[in-house]
Amino acid sequence: QVQLVESGGGLVQAGGFLRLSCATSDRTFKYYGMAWFRQAPGKEREFVAAINKFGDSTYYKDSVQGRFIISRDNAKNTLYLQMNSLKPEDTAVYFCAAKFAYYSSSYYYMIDEYDYWGQGTQVTVSS
């Protein structure tokens, strides 16, 4: 069981930035493809960004491409999401997710593919 803990959420004005972190003590972190999802009130959880286990391949939702950057530090067992030029429509609870990918170098963006989830961190962008 991989436990994921998100942090870094908060309240920010439109145009501002935040950096989310997702940490685990599990040393098998380096074998997992990782992603960020988000869920706004009254809406379904949606994909935001994904990264493969090596950190050299990424994929983004169209609306965050060019504003958000997903990265990871396997030595620190931590996933990051740098969010720049934030918009009110980015307001949501952000979740990190892990998919065991020992035999694969791919990233994954389908919600049902993920094995483990964090508890979420709230991001609120005011206009």
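This passage describes the fold, the surface, the nonpolar cores and one loop residue of a predicted model.

The secondary structure of the chain consists of 11 strands, with zero helices. Read along the sequence, strand therefore follows strand in an uninterrupted β-β-β-β-β-β-β-β-β-β-β pattern, since helices and strands are the elements that are numbered here. Along the principal axes, the C-alpha atoms occupy a box of roughly 45 × 25 × 25 Å. The radius of gyration of the chain is 14 Å, in agreement with the value near 14 Å for a compact globule of 127 residues.

Contacts and burial were examined next. Among contacts in the chain with a separation of 6 or more, 61% link residues that stand 24 or more positions apart. Of the 127 residues, 44% are buried. The accessible surface of the chain amounts to about 6800 Å², and carbon and sulfur atoms contribute 47% of that area. As for charge, the chain carries 13 positive and 12 negative side chains. The centres of these two sets lie 5 Å apart.

The interior contains more than one nonpolar core. The largest comprises 28 residues, and those with the most contacts inside it are Met34, Trp36, Leu79, Leu81, Met83 and Tyr94. Two or more residues of this core are supplied by each of β3 (18-23), β4 (32-39), β5 (46-51), β7 (68-73), β8 (78-83), β9 (92-100) and β11 (121-126). Strand β9 provides the largest share, namely four residues. A second core, separate from the largest, has eight residues, including Phe37, Phe47, Ala50 and Ala101.

Tyr102 was considered individually. This residue is located in the loop between β9 and β10 (116-117). Its relative accessible area is 40%; because this value falls between the limits of 20% for buried and 50% for exposed residues, Tyr102 is classed as partly exposed. When residues up to four places away in sequence are not counted, Tyr102 touches Tyr31 and Lys53. A further position was compared with this loop residue: Ser57 is 45 residues from Tyr102 along the chain, and the C-alpha atoms of the two are separated by 15 Å.

In summary, the predicted model is a chain of 11 strands and zero helices. Its largest nonpolar core draws two or more residues from each of several strands, among them β4, β8 and β9, while Tyr102 lies in the loop between β9 and β10.

Conventions. Residues numbered from 1 in each chain as written. Predicted model: local features only at pLDDT ≥ 70, side-chain atom pairs only at ≥ 80, totals over all residues. Heavy atoms only, no water. Rg over C-alpha atoms; globule rule 2.2 N^0.38 Å. Buried < 20%, exposed > 50% of the residue type's maximum accessible area, 1.4 Å probe, protein only. Contact = heavy atoms within 4.5 Å. Areas by Shrake-Rupley, 256 points an atom, 1.4 Å probe, with all protein chains shown as cover. Lys, Arg positive; Asp, Glu negative; His and termini not counted. Charge placed at Lys NZ, Arg CZ, Asp CG, Glu CD. Core = buried A, V, L, I, M, F, W, Y, C linked by side-chain atoms within 4.5 Å.
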